[in-house]
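Me: Got a model open here and I'd like to walk through it. Can we start with the strands and go from there?

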Amino acid sequence: MEKYVIRGGNRLCGEVEISGAKNAAVAILPATVLIDGVCRVDNIPSISDVSTTLKILKSLGSQIRYINKNTIEIDNSTLQFHTVPHDLARHMRASYYFIGSLLGRFGIARVSMPGGCNFGVRPIDQHLKAFTALGASVSPMENGMIEVVADRLVGNSIYLDVVSVGATVNAILSAVLARGTTIIENAAKEPHIVDLANFLNSAGADIRGAGTDVIKVFGVERLHSTHYSIIPDQIEAGTYMVASAATGGDVLVKNVIPKHLESITAKLQEMGVVVEEYDDAIRVTRPNRLIHCNIKTMPHPGFPTDMQPPVAVLLSMADGTSIITESVWENRFRYIDELRRMGVQAQVDGKVAVFQGVEYLTAAPVKATDLRGGIAMVIAGLAARGVTEVEEIHHIERGYENLVEKLANLGADIRRVVTSDSLISRAL
Ligand code: UD1
C-alpha cells in the first residue's frame with residue numbers, strides 16, 4: 001500500500017506546469033478506434049486512467065508506440081477485437097467510450113459495465129438511448145457485459161434527458177461514421193467535448209456546434225491519420241489554484257486556458273483570493289483570511305462538480321458559514337467524513353453541505369475515498385498543522401500526473417511512501 005505523507009504549513013510558491021486533460025484523453029484515445037490509420041497524440045497525461053485506456057486499446061489489437069512520455073502514436077489499422085475485458089473496464093468509468101467507438105467502427109461492441117468513482121447511482125440510460133436512436137440494439141450478456149450491435153448506423157435526432165458528458169461523447173463517437181446527420185440536443189458543453197470534436201474533425205469528421213447544447217454530426221465514409229495535441233486539464237489547474245489559496249501561497253499556474261477556469265476564478269475571487277490572468281497562465285495569491293461563500297455545482301460553464309471537494313477545503317477554513325449544493329451527482333460528499341478527522345466542521349443533508357469555517361485544520365491519518373475527494377485530503381494536509389498521511393492514493397493517481405514532484409517543486413513537504421505491508425504482500 002502506498003501513501004502520501006505531508007507535513008503541512010508550507011506556503012506554496014513558484015510555478016507549476018499543467019498536464020493534458022484527463023477527461024479529454026480518456027475520450028480521444030477510444031476515439032482513435034474509429035480511425036483506419038495512424039494517430040499521433042501529444043500532451044497525453046501520464047496517469048493511471050490513461051494506462052488503463054492504452055491497455056484496453058492493446059487488448060483490441062492497437063499498435064502503440066511511445067514517442068516520449070506524453071506523446072503516443074496509435075495505429076488502429078490492424079484492430080480485430082470488439083470486446084473490452086472486464087478486468088480492465090472495472091477500473092474506470094470512461095471504458096464505456098469503447099462502446100461508441102467499436103460500434104461506429106465494427107457495428108458491434110461488447111463491454112463490461114464500467115467502474116470509476118462511487119458517487120451513488122451512475123446510470124448509462126442516455127448512452128443506450130443514443131445508440132438505439134442510431135439503429136443499434138442493446139442486449140445484456142452474462143458477467144455484467146452488454147452487447148451493442150447494428151447492421152448499419154443511421155443518423156437521427158437524440159434529445160438527452162440529462163446533460164451528460166459521457167452520453168454526449170458516446171453519441172458523437174457512434175454518429176461520426178453513421179449514414180446521414182445526427183443532431184444531439186441538450187448536449188454537454190465541457191471543454192473536453194470540444195476537444196474530442198476538434199480531434200475527430202482533424203481526422204476528417206464533420207462535427208459542428210461542440211461547446212453549445214446542439215451538436216450536429218454529419219456522417220463521413222472514413223477517417224484518416226492525424227496529429228493532435230490535447231488541451232490542458234481544467235481540473236488539475238483548478239486544483240493548484242486552490243492549493244495556493246489554501247496555503248496562503250503565490251503560485252503561477254502555467255499552460256492553462258483561462259476561459260475554462262472562469263467559474264473557478266470567480267468563486268476564488270469571491271473568497272478574497274487574488275487571481276491574475278495572463279494569456280496561458282494564472283497567478284493565484286491569498287493575502288488575507290478566506291471569506292465564506294455559497295457554491296452550486298452545475299454542468300459547464302457552471303462551477304464543475306469535480307472542483308467541489310477541493311474547494312470544500314477552502315470553505316472549511318473560511319471566515320463564516322458556507323453552503324455547497326451538489327446538483328450533478330447524487331452522493332458526492334463521502335469524503336467529508338474523512339475531512340472531519342482533520343477538524344473540518346460540516347453538516348451534510350443529501351445534496352447540501354454546510355461548512356462552519358475553522359481557524360486552522362489539524363493533521364490526521366485519512367483515506368482517499370475517490371479521485372477528487374482524495375485530492376481534497378492532500379490540500380487539507382498541505383494547509384493543516386502537523387503530519388497528515390493519506391492512504392488509498394491509487395484513486396488520486398488515476399488523475400494527477402507527477403503530483404508529488406509538482407507540489408514539492410512549489411515548496412510542499414510531501415513524500416510518497418511504500419508501506420511495509422505492501423512490500424510484504426509483493427514479496428509473497
Ligand atoms: C464526467 C466526468 C466526471 C464529471 C462528470 C460531470 C469523465 C471521464 N468524467 O463523468 O469527472 O464529474 O462528467 O461533470 O469525463 N446520467 C444519467 N444517465 C446517463 C448518464 C448520466 O442519468 O446515461 C446522470 C448521472 O448520474 C449524473 C449526471 O447525469 O447525475 C451527469 O453525469 P455525466 O455527465 O454523464 O458524468 P460522466 O460522463 O460519467
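Reply: Sure. Pro 140 stands opposite Ile 146 in strand 9. Keep in mind that this is a predicted model.

Me: In which sense do strand 8 and strand 9 pair, and over how many bridges?
Reply: Antiparallel, over 4 bridges. Strand 9 covers residues 145–149.

Me: What's the strand order in that sheet?
Reply: The order is 6-7-9-8. The sheet is open, has 4 strands and shows mixed pairing.

Me: Which strands stand at the edges?
Reply: Strand 6 (83–84) and strand 8 (137–140). Each has a single partner strand, so one side of each is left without a neighbour in the sheet.

Me: Now the sheet with strand 15 and strand 17. What's the order there?
Reply: 2-15-17-16, an open sheet of 4 strands with mixed pairing. Strand 2 (13–17) and strand 16 are the edge strands. Each pairs with a single strand, so one side of each lacks a neighbour in the sheet.

Me: How far are neighbouring strands turned against each other?
Reply: By 15 degrees on average, ignoring direction.

Me: How many residues sit between strand 16 and strand 17?
Reply: 3, and the two strands form a hairpin. Strand 16 (residues 274–277) and strand 17 (residues 281–285) are antiparallel, with 4 bridges. Val 274 stands opposite Thr 285.

Me: And what stands opposite Asp 250?
Reply: Thr 285 in strand 17. Strand 15 (residues 250–254) runs antiparallel to strand 17, and 5 bridges join them.

Me: Which strands does helix 8 touch?
Reply: Strand 2, strand 15, strand 16 and strand 17. Helix 8 spans residues 234–246, and its direction makes about 175 degrees with that of strand 15.

Me: Switching to helices. At what angle do helix 1 and helix 2 pack?
Reply: About 5 degrees, with their axes 10 Å apart. Helix 1 and helix 2 are therefore roughly parallel.

Me: Which residues meet there?
Reply: From helix 1, Lys 22, Ala 25, Val 26, Leu 29 and Pro 30. From helix 2, Asp 49, Val 50, Thr 53, Leu 54 and Leu 57. The contact divides into 7 nonpolar, 1 polar and 2 charged residues.

Me: Last topic, the ligand. How many residues surround it, and which are the closest?
Reply: 23 surround the ligand, and the closest are Gln 126, Ser 164, Val 165, Asp 306 and Val 328.

Me: What about polar atoms by the ligand?
Reply: A polar backbone atom of Gln 126 is 2.7 Å from a ligand oxygen atom. A side-chain N or O atom of Asp 125 lies 2.8 Å from a ligand nitrogen atom. For Tyr 96, a polar side-chain atom is 3.0 Å from an oxygen atom of the ligand.

Note on methods: Residues numbered from 1 in each chain as written. Predicted model: local features only at pLDDT ≥ 70, side-chain atom pairs only at ≥ 80, totals over all residues. Heavy atoms only, no water. Axes fitted to C-alpha atoms, helices over the stretch in contact; angles between N-to-C directions. Parallel < 35°, antiparallel > 145°, perpendicular 65-115°, else oblique. Contact = heavy atoms within 4.5 Å. Nonpolar A, V, L, I, M, F, W, Y, C, P; charged D, E, K, R; others polar. Pairing = 2+ DSSP bridges. Near = heavy atom within 4 Å. Polar contact = N/O pair within 3.5 Å; in protein donor to acceptor, adjacent residues only side chain to side chain.
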